[in-house]
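Hi there,

Here is the structure I promised to send over. Have a look at it first, and then read on for what turned up.

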Amino acid sequence: MAPLVAAVSSPRARLFAYFLRLGTQQTVPLQLHTGACCTAKNHYEVLVLGGGSGGITMATRMKRKVGAENVAIVEPSERHFYQPIWTLVGAGAKQLSLSGRPTVSVIPSGVEWIQDRVAELNPDKNCIRTDNGKEISYRYLIIALGIQLDYEKIKGLPEGFAYPKIGSNYSVKTVEKTWKALQDFKEGNAIFTFPNTPVKCAGAPQKIMYLSEAYFRKTGKRPQANVIFNTALGAIFGVKKYAAALQEIIQERNLTVNYRHNLIEVRADKQEAVFENLDKPGETQVIPYEMLHVTPPMSSPDVLKTSAVADSAGWVDVDKETLQHKKYPNVFGIGDCTNLPTSKTAAAVAAQSGILDRTISLIMKNQKPTKKYDGYTSCPLVTGYNSVILAEFDYRAEPLETFPFDQSKERLSMYLMKADMMPFLYWNIMLRGYWGGPAFFRKLFHLGMS
């Protein structure tokens, strides 16, 4: 399927980008406090762990505060990916090559890139150690290590991906296998799963279901397809307004949803998936498949699980309003690796980055943080090749919508924003530290309506 014509070339898109740039804040270097540190080969005013969306965004913001030479990023990967687009890659609507760029191209100019993996954190001595044995000390630490994919916790994976008919949009190695399985579908069960763990982009497991069903209709295969969503959750979505809209779609399209069903084994050689009934321990069900999309169990990165910065579940233990660590005042967290009680999305990271920027600014001045994160997150629920329900909500699971219309309705405009505007905004605005979420536009729209 050919990609949609990019929406970012339109006059409205250019105006949108112009308004985004109006929010740019230049901050002069600030006086930093001192603290104990271990003997280290290198020292930085601000050390960022992780070169994903949160890490790059915060490194850019910190560069403007303390100077590029005083900031470093620890990240082992050669390539940086805009992962939200993988939903469309798995459905054949976008090319995988469009989702990634060399990591060196997104590292803020002048900022030190330490291409290594974090092996140990020692917040009591203000230092970390890398896999190569390098010790690095810091005055301020930002942890942005993301979330870990645990395919191996499902029996038969990841080796099962060597077989056809199975894919996963959560990995660069398996997302194109989803599209291949979709194209090769003939007749039978098309199964989509949601694990019994926290996940990033919790809407993605069902987005590919809606897209697959739309593809079956388009290619005349729908009568031969039994579309099944087996989820470990007890509801289709955590926000009632959007859940109601999704339930209507499920009924209209004759989709089967089994709640509290968790994938525990894949027998790829037999094309069978084994599920456990979470409400009836020990009870399992074997379901044959013609297509299987796996959302893997996920967890905090191993290096964090046993670290002093983690809570009992292994996530970075931060204040949910300021993103400052609860025990170590010069340590901060952002994104998927934290225990913030909100959905783990790139949109959440954008909103968190603006709050964290202000938090660190005040901490550097030995002042108390005042700006509070409300849990804003967003999930563009792709329901077809030309429709999206744009879910936006806060810590209370209450809608926190940007636009002056009912966002629980399927809209082409929201699909265009998801497919074309958001990647543009990500690469050109967010990673450059100029995007702290849509609060500015929400206020602008609401003022215009008053």
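**What turned up**

Phe194 stands opposite Thr231 in E12. That pair is a good place to start, with the reminder that this is a predicted model.

The strand on the other side of that pairing is E11, residues 188-194. Seven bridges join E11 to E12 (residues 225-231), and the two run parallel. E11 also pairs with E17 (residues 291-293), again in the parallel sense, over three bridges. There, Ile191 is the residue that stands opposite Leu292 in E17. Six of the seven residues of E11 are buried, so the strand is largely enclosed by the rest of the structure.

If you zoom out, these strands belong to an open sheet of five, in the order E10-E17-E11-E12-E13, with parallel pairing. Which strands stand at the edges? They are E10 (166-167) and E13 (256-259); each has a single partner strand, so one side of each is left without a neighbour in the sheet.

**Loops beside the sheet strands**

Two loop residues are worth clicking on here. Leu157 sits in the loop between E9 (148-149) and E10. Is Leu157 buried or exposed? Its relative accessible area is 4%, and under 20% counts as buried, so Leu157 is buried. Among residues more than four places away in sequence, Leu157 touches Tyr151, Glu152, Ile166, Val266 and Val294. Its C-alpha atom is also 9.5 Å from that of Pro296, although the two residues are 139 apart along the chain.

Arg253 is in the loop between helix H7 (240-252) and E13. You might want to check this one yourself: with a relative accessibility of 15%, Arg253 counts as buried. Leaving out residues up to four places away in sequence, Arg253 touches Tyr210, Glu213, Arg217, Arg222, Thr383 and Glu410.

A further loop residue, Gly92, lies between helix H3 (86-90) and strand E4 (100-102). Gly92 is buried too, with a relative accessible area of 5%. The C-alpha atoms of Gly92 and Leu182 are separated by 8.9 Å, with their positions 90 residues apart along the chain.

**A covered hairpin**

Next, please look at E20 (residues 377-384), where eight of its eight residues are buried. A hairpin of two residues links E20 to E21. E21 covers residues 387-393, and the two strands run antiparallel, joined by seven bridges. One of the bridge partnerships is between Ser378 and Glu392 in E21.

Ala391 is in E21 as well, and it is buried, with a relative accessible area of 0%. Beyond its neighbours within four places in sequence, Ala391 is in contact with Phe237, Tyr242, Thr377, Ser378, Cys379 and Leu381. The C-alpha atom of Ala391 is 8.9 Å from that of Lys241, which is 150 residues away along the chain.

**The core and a bent helix**

Phe237 comes up again in the largest nonpolar core, which has 135 residues. Leu47, Leu121, Ile143 and Phe237 touch the most other members of this core. Which element gives the core its largest share? That is H10, with 10 residues. As for Ile143, its contacts beyond four places in sequence include Leu49, Leu121, Leu304, Val309, Phe332 and Cys337.

H10 (residues 412-430) has a feature of its own. A straight helix of 19 residues would span 27 Å, whereas H10 spans only 24 Å between its end C-alpha atoms. The helix bends by about 40° at Met421, and a proline, Pro423, follows within four residues. H10 is mostly covered, with 14 of its 19 residues buried.

**The overall picture**

The protein has 450 residues, of which 57% are buried, and it contains 11 helices and 21 strands. Of the contacts with a separation of 6 or more, 68% are between residues 24 or more positions apart. The accessible surface comes to about 19100 Å², and carbon and sulfur atoms account for 51% of it.

Happy to go through any of this with you.

Best wishes

Definitions and conventions
Residues numbered from 1 in each chain as written. Predicted model: local features only at pLDDT ≥ 70, side-chain atom pairs only at ≥ 80, totals over all residues. Heavy atoms only, no water. Expected span 1.5 Å × (residues − 1). Bend = angle between axes of the 7 residues up to and from the residue. Buried < 20%, exposed > 50% of the residue type's maximum accessible area, 1.4 Å probe, protein only. Core = buried A, V, L, I, M, F, W, Y, C linked by side-chain atoms within 4.5 Å. Contact = heavy atoms within 4.5 Å. Pairing = 2+ DSSP bridges. Areas by Shrake-Rupley, 256 points an atom, 1.4 Å probe, with all protein chains shown as cover.
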